[in-house]
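Please examine the sequence and the three-dimensional model shown below. The report that follows describes strand pairing, the nonpolar interior and the overall dimensions.

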Amino acid sequence: MAAEQDPEGRAAARPLLTDLYQATMALGYWRAGRAQEAAEFELFFRRCPFGGAFALAAGLRDCVRFVRAFRLRDADVQFLASVLPPHTDPAFFQHLRALDCSGVTVRALPEGSLAFPGVPLLQVSGPLLVVQLLETPLLCLVSYASLIATNAARLRLIAGPEKRLLELGLRRAQGPDGGLTASTYSYLGGFDASSNMLAGQLRGVPVAGTLAHSFITSFSGTEVPPDPMLAPAAGQGPRVDLAACVETWLERVCGHLGLGVQEPHRGERAAFVAYALAFPRAFQGLLDTYSVRRSGLPNFLAVALALEELGYQAVGVRLDSGDLLQQAQETRGVFRTAAAQFRVPWLESIPIAVSNNVDEEELARLAQELVSVGGQPRMKLTEDPEKQTLPGSKAAFRLLGSDGALLLDVLQLAEEPPPQAGQELRVWPRGTQESCTVRPAHVEPLLRLWVQRGQLCEPLPSLAESRAFAQQSLSRLSPAHRRLEQPAVYQVALSEKLRALVDRLSARGAL
């Protein structure tokens with residue numbers, strides 16, 4: 001498919017985005033005659049990130065694309081030949097050239113789903129050698145995406161549903177791929193837009209942004225716009241010299257603020273005028289290049305009021321340094337008095353955006369492993385209970401109360417019949433030695449079939465659809481689980497049959 005028809009394809013991961021040991025193990029399986037054995041791996045996490053009680057599942061769309069397009073090209077095979085032992089049988093490389101994922105099946109949580117420790121985000125089954133080669137890239141695609149989406153969701157919970165959140169981190173991102181992933185999954189997790197234009201072009205993320213300090217400092221105030229004239233917003237009436245109109249308004253604004261007209265920085269004002277001429281319907285001021293109170297605010301107000309005379313309405317201001325809360329409060333106070341003084345009601349509630357390392361604390365202040373081979377369950381045994389894996393191919397279900405509240409997630413072996421609504425179920429909560437009974441009013445299967453033997457089973461949701469689903473998922477969390485500090489632990493439990501298998505395999509390992 002041409003890149004123009006499939007823009008996301010330009011962002012797709014390549015087959016050798018994997019660890020060398022995956023290739024060495026693949027050679028070992030092939031040499032042992034086990035390349036076609038049925039195998040399955042699961043991707044899960046043991047602890048929720050950021051000290052929270054939940055995560056958001058993300059990255060599925062990238063995983064499905066990777067699996068369906070997986071094919072080692074000649075250059076890939078030639079590189080593998082250069083890093084594997086020189087005596088490696090050439091027939092192995094011929095085998096690699098013929099590999100695809102036509103025998104691979106993928107089950108996963110839908111993107112934007114709530115995810116909890118121990119519950120698989122992704123299950124991949126198929127021929128052992130192929131599944132081994134898929135493990136690292138799929139981990140990479142899901143882990144970082146889910147981490148970013150979860151972080152964005154936590155920030156959205158802090159900000160509330162009404163505040164506008166913009167992702168502006170590209171310049172400090174962990175490389176181009178990391179930047180694109182962060183912009184994409186910040187949006188999925190609840191941000192409204194990104195400054196990253198490539199995320200807009202390839203992934204459909206809404207883009208937003210205005211101007212930086214460098215734009216403002218590039219003006220000295222001596223510049224003369226080639227055309228300072230601006231027509232009224234309604235399109236009728238004579239054009240007006242915006243720069244001259246701004247100077248007139250500056251005197252009135254400085255008088256209102258108790259400032260001398262020489263105090264506001266001329267270069268900053270010239271920059272604001274230039275930006276307003278280019279974007280009269282989307283003028284926004286960056287206030288803290290110099291002094292917010294003595295320069296940024298009066299210059300912004302002079303331009304905004306000049307635009308208002310012509311029927312335009314400024315869209316907001318941004319603060320990017322210092323004590324953001326204090327400056328935002330002081331700025332809001334100035335806007336309120338100016339709105340009354342100049343009889344411009346919308347100015348009182350004009351949006352104030354803040355940026356510059358806004359983390360959870362600051363924002364609050366402002367408002368994998370192989371688990372089955374050859375059909376036999378495998379379990380990692382360790383003295384650290386947290387690092388044990390659960391054996392066998394599993395299914396996962398979410399149990400809900402009559403009011404729709406989340407009760408717990410239950411893991412069971414795939415061959416077990418699913419839990420039934422209204423029927424009592426005995427389960428074993430993870431991390432405890434005691435069982436409990438639960439009678440769910442509703443039961444939701446968690447892992448959906450997306451790819452079966454290489455074929456897509458149902459259309460993947462768009463990024464915007466997954467974003468909406470993520471917000472719906474978050475709304476179902478109880479306040480105790482949604483809490484960002486010392487949240488209640490969401491319970492994940494094992495079925496009796498899975499618990500018995502764990503105990504039996506653990507006993508064998510102990511012997």
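## Strand pairing and core organisation

Strands E10 (residues 284-286) and E11 run parallel and are joined by three bridges; strands are DSSP runs of at least two residues and helices (H or I) runs of at least four, numbered from the N terminus, and two strands pair if DSSP finds at least two bridges between them. The model is predicted, so local features need pLDDT of at least 70 and side-chain atom pairs count only at pLDDT 80 or more, whereas totals for chains, interfaces and linings use all residues. Residues are numbered from 1 along each chain as its sequence is written, and side-chain values use heavy atoms, with hydrogens and water left out.

Within the E10 pairing, Gly285 has Val317 of E11 as its bridge partner. Strand E11 (residues 316-319) is covered on both faces: Gly316 and Arg318 are buried on one side, and Val317 and Leu319 are buried on the other. Buried means under 20% relative accessible area, exposed over 50%, and partly exposed in between, with a 1.4 Å probe and protein chains only. In a regular strand the side chains alternate between the two faces of the sheet.

Strand E22 (residues 492-495) pairs with E16 (residues 406-413) in the parallel sense and with E17 (residues 425-429) in the antiparallel sense. The pairings are set out below.

| Strand pair | Direction and bridges | One bridge pair |
|---|---|---|
| E10 and E11 | parallel, three bridges | Gly285 and Val317 |
| E16 and E22 | parallel, three bridges | Asp409 and Val492 |
| E17 and E22 | antiparallel, three bridges | Pro429 and Ala493 |

The largest nonpolar core has 80 residues, and those with the most contacts inside it are Leu96, Leu122, Val124, Leu134 and Leu138. Helix H5 (residues 128-159) supplies the largest share of this core, 13 residues. A nonpolar core is a set of buried Ala, Val, Leu, Ile, Met, Phe, Trp, Tyr and Cys residues joined through side-chain atoms within 4.5 Å. A second, separate core of 49 residues includes Phe219, Val246, Phe272 and Leu287.

Leaving aside neighbours within four places in sequence, Leu122 is in contact (heavy atoms within 4.5 Å) with residues including Phe41, Leu43, Leu60, Cys63, Leu138 and Val142. The contacts of Leu122 also include Glu42 and Arg107.

In total, the chain has 16 helices and 22 strands. Its C-alpha trace spans about 85 × 55 × 40 Å along the principal axes. Of the 511 residues, 49% count as buried.
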